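Here are a few exercises to work through with the structure open beside you. Take them in order, and try each one before reading its solution.

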Amino acid sequence: MRAISAGPPTRTALGRARKSQTYVISRVFIGKIALLIAVATVGLVFLVPLFWMVSTSVKPSDQVWLIPPAWIPRKFVWENFSEPWNNLPFPRFYLNTIIISVLSVVGMVVSSSMVAYAFARLRFRGRGIMFLLLLSTLMLPNHITLIPQYVLFNWMGWVNTTYPLWVPTFFAGAFNTFLLRQYMMSIPNEMDEAARMDGAGYFAIYARIIMPLSKPVLGVVAINTFTFHWNDFFGPLIYLTEQNNFTIALGLRILQGDYFQEFPVQHIMSMTLISILPVMVLFFIAQRYFIQGIVISGVKG
Amino acid sequence: MAFSLGLSFFKTDLLTGKKFIGFEHYADLLTSDPLFVRSVVNTFLFTLGVVPVATILSLLVAMLLNRGVWFQGVWRTVYYIPSLVSGVAVAILWIWLFAPVEPTKGLVNQGLSIFGIDPGPGWIYSEDWALIAIMIMSLWSVGQTMLIYLAGLQSVPTTFYEAASIDGAGPLRRFWHVTIPMLTPTIFFNVVINFIGSFQIFTFALIATEGGPNNATLTMVLYLYRKSFEQFHFGYASAVGWILFGIIMFFTVFMFRSSSVWVYYEGELRR
């Protein structure tokens, strides 16, 4: 006994140190586990509705309202997708939505970048005032301009066409123009000068120098525009009256219809799932741009 | 804009010409239109419910994620995904989660029954719960707000925390005296954006409850929509729009004014 306790003091000190170290490590470890459990539990609450949507969309009708819910259906009923897809003109709704969203992206990217380029690089009379005017339209509330816009499009005979939904994007958006201008201002002027030496005009500088260099922000603009128009409900709701022109958002509303079910819930869920799929896929492909877009508009705001 | 302001003084359906009536629409709205008053009250209640809860919830989640949790990227995506879902899809999905046919069978009430709340509320069919149901739909998409908080938290220099620790500050005091002050610009931004957004709540109220039951979820924008695009009283609806704008403007200006008291900007010169 004595011999052991009288042993070299360095060894016991070392042992004690090692012991307290493992103690610290295990405390940190437990903390990490607790944190993970907390984050995962709340995360689960956020995901359950989506999971329920996916699982319901392939359920046979007798499994939809089981208690407790059947999370994995007994058999996968793919007709839940094909039936409503063919019964209502969903292909048509889809096509309309794609047309509107894609045209909007093209219009917004081209026009906003051109306007932003002009504000960032060209010198012309009244540039300051015009830029201020542009910014002031940012403060206009949606629901104030809504009715005059409707009246204008009505007068032009564009109500019940898809034009009011995408043509305006070809006249640049104030926020996107502002975003792009800020970015273009940060591109060094020497780039332009070098290009000018090589004989490039304003347009060539825009197309060959500024546009390629602005790609990150252009990506943010494109994705924001696409998501907005894909998910838009108010615009299509007031402008489109004929079913042929409906977008997917309006199609879903028909499907949901009254409180009294006309369509079984598994069909409603399958079409809802299909409607959100493109944005989801886009998100997973271009996550970087989504996050960037939020951070740009959020933290700097 | 000017046209809209002008329009609110006229009585018109845009088809049969117009007649100047001055402030009559505004007077009508405020004195003899109980539905409008109801919509204003509902909108206020909705905002009062959503904005504080969204702020606290998303800040809490962001703080958890910022503590070096494993798979941070995965969780960030998990919380963000619901806010990618379009308003219509959110509304429809939640209609069925609340279960329209037999509320007890809905997933939400089944979940509540685990905690002993049985039978659960009637949600979108109950006059008392419908507005809360719509708040829950909105709160499901707080992912965006959460991401902004997360970015804000990550930009707080760690040296501040270290300095506070050396001075003997515990986790709670570090949170209260370092995190919160450094985060006030982000909080300010989010509160203003969420406030403006929730005052314009429309899609959920139209699709999930159609303003009902018994106008319990009639919001200002829904009322504007009904007046203009269902009943074609464009002048009257313009007046609703201007009152809405006035309210939003008033509170936004108020928040900006108050910001000098509680928002801390790093680069700002102290007087």
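Helices here are DSSP runs of H or I with at least four residues, strands are runs of E with at least two, and both are numbered from the N terminus. Please keep in mind that this is a predicted model.

**Exercise 1. Describe the make-up of each chain: how many helices and strands are there, and what share of residues is buried?**

Step 1. Start with chain A, which has 15 helices and 0 strands. Of its 301 residues, 31% are buried.

Step 2. Turn to chain B, where you will find 13 helices and 2 strands. Here 38% of the 271 residues are buried.

Step 3. Now look at the contacts within each chain. In chain A, 74% of the contacts with a separation of 6 or more are between residues 24 or more positions apart. For chain B, 68% of the contacts between residues at least 6 apart join residues at least 24 apart.

**Exercise 2. Find out how many residues of each chain take part in the contact between chain A and chain B.**

Step 1. Count on both sides: 56 residues of chain B touch 48 residues of chain A.

Step 2. Sort the chain B side by class, which gives 41 nonpolar, 13 polar and 2 charged residues.

**Exercise 3. Work out how helices H9(B) and H10(B) are arranged: what is the angle between them?**

Step 1. Locate the pair in chain B: H9(B) covers residues 158–166 and H10(B) covers residues 171–199.

Step 2. Read off the geometry. The helices pack at an angle of about 155 degrees, and their axes are 10 Å apart.

Step 3. Angles over 145 degrees count as roughly antiparallel, so H9(B) is roughly antiparallel to H10(B). Their crossing is right-handed.

Step 4. Identify the residues that meet. From H9(B) come Phe160(B), Tyr161(B) and Ala164(B), and from H10(B) come Arg174(B), His177(B), Val178(B) and Met182(B). By class, this contact has 5 nonpolar, 1 polar and 1 charged residue.

**Exercise 4. Check the span of helix H11(A), then decide whether this helix is mostly covered or mostly open.**

Step 1. H11(A) runs over residues 215–231, which is 17 residues. The expected span is 1.5 Å times one less than the number of residues, so H11(A) should span 24 Å.

Step 2. Compare with the model: the end C-alpha atoms are 24 Å apart, in agreement with the expected span.

Step 3. Look at burial. H11(A) is mostly covered, with 12 of its 17 residues buried. Among them are Val217(A), Leu218(A), Ile223(A), His229(A) and Trp230(A).

Terms used:
Residues numbered from 1 in each chain as written. Chains lettered and ligands numbered in written order. Predicted model: local features only at pLDDT ≥ 70, side-chain atom pairs only at ≥ 80, totals over all residues. Contact = placed C-beta atoms within 7 Å. Nonpolar A, V, L, I, M, F, W, Y, C, P; charged D, E, K, R; others polar. Axes fitted to C-alpha atoms, helices over the stretch in contact; angles between N-to-C directions. Parallel < 35°, antiparallel > 145°, perpendicular 65-115°, else oblique. Left-handed = near helix turned anticlockwise from the far one by under 90°. Buried ≥ 20, exposed ≤ 12 C-beta atoms within 10 Å, placed from the backbone.
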